[in-house]
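Trainee: I'd like a close look at the charged side chains in this model, please. Start with one pair and then connect it to the others.

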Amino acid sequence: MTARRQERNGLRLAIAVIAVLGGGFAFPGLDLTALAATSERIVVDRYTGLAIGGFDPVAFFTDARPVRGVSEFEVSHDGVIWRFSNPNNRAFFLADPDVYSPRFGGYDPVDIARGVTRAGTARLWLIVGERLYLFGHEDTRAAFAADPARYLREATRRWAALKEMLAQ
């Protein structure tokens, strides 16, 4: 291979790398939480293995906002790693994980009501009826907030069948 051809191939590779990296900037609305596994019963980040992206599920109730958990306060429950921001939140979760973990495993309840599983994100959330719900889009959160009873009725009906199709 000539030196000129090697230079040309190197330039092509550089252009390809820039195009791939630049592609992420071309889609500012791209929600990287869509990279969560949508084949598990609980939404898990496919790269870290953390439930709900490593956010502390108890903090939604105690701090009324999403708070990142830390590795110092993590626990494995239902085959998933949950992180907490402090030891008290970890203790609260372990005492009653069904209360603090997001309903429908962290999947968007509006999409569950439609019969599909779409991972919710900790940045789009609501607490309704003392349960945490995560959403994949702002419009589904708004629809749910406007009529939670309607979506919960249908999502509850469909969740049993959808859950059986998801890996444990």
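Mentor: Let's begin with Arg158, which counts as partly exposed at 31% relative accessibility. Partly exposed lies between buried, under 20% relative accessible area, and exposed, over 50% (1.4 Å probe, protein chains only). Before going on, please keep in mind that this is a predicted model, where local features need pLDDT of at least 70, side-chain atom pairs count only at pLDDT 80 or more, and totals for chains, interfaces and linings use all residues. Residues are numbered from 1 along each chain as its sequence is written, and side-chain values use heavy atoms, with hydrogens and water left out.

The partner of Arg158 is Glu154: their side chains form a salt bridge, with N and O 2.9 Å apart. That term means a side-chain nitrogen of Lys or Arg within 4 Å of a carboxyl oxygen of Asp or Glu. Glu154 is partly exposed too, with a relative accessible area of 25%. The two sit 4 residues apart in helix H7, so about one helical turn separates them. Helices here are DSSP runs (H or I, at least four residues) and strands are runs of E (at least two), numbered from the N terminus. Arg157 also joins in, so that a network of salt bridges links Glu154, Arg157 and Arg158.

Helix H7 (residues 148-165) also holds Glu164, whose side chain meets that of Arg41 in a salt bridge of 3.7 Å, N to O. This pair ties together distant parts of the chain, 123 residues apart, with Arg41 in the loop between strand S1 (36-37) and strand S2 (44-45). Glu164 is exposed, at 56% relative accessible area.

Helix H5 offers another pair: Arg114 and Asp111 are 3 residues apart there, about one helical turn. Their closest N and O atoms are 2.9 Å apart, forming a salt bridge. The partners differ in setting: Arg114 is exposed at 53%, while Asp111 is buried at 7%. Searching the whole structure gives 5 salt bridges.

Finally, look at Asp108, in the loop between helix H4 (97-100) and helix H5 (109-114). Asp108 is buried but has no salt bridge, and Arg118, the nearest side chain of opposite charge, is 5.5 Å away. In counting charges, Lys and Arg are positive, Asp and Glu negative, and His and the chain ends are left out. Even so, Asp108 is in contact with Arg118, as well as with residues including Phe135 and His137; contact means heavy atoms within 4.5 Å.

Notes
Lists of a residue's contacts leave out its neighbours within four places in sequence.
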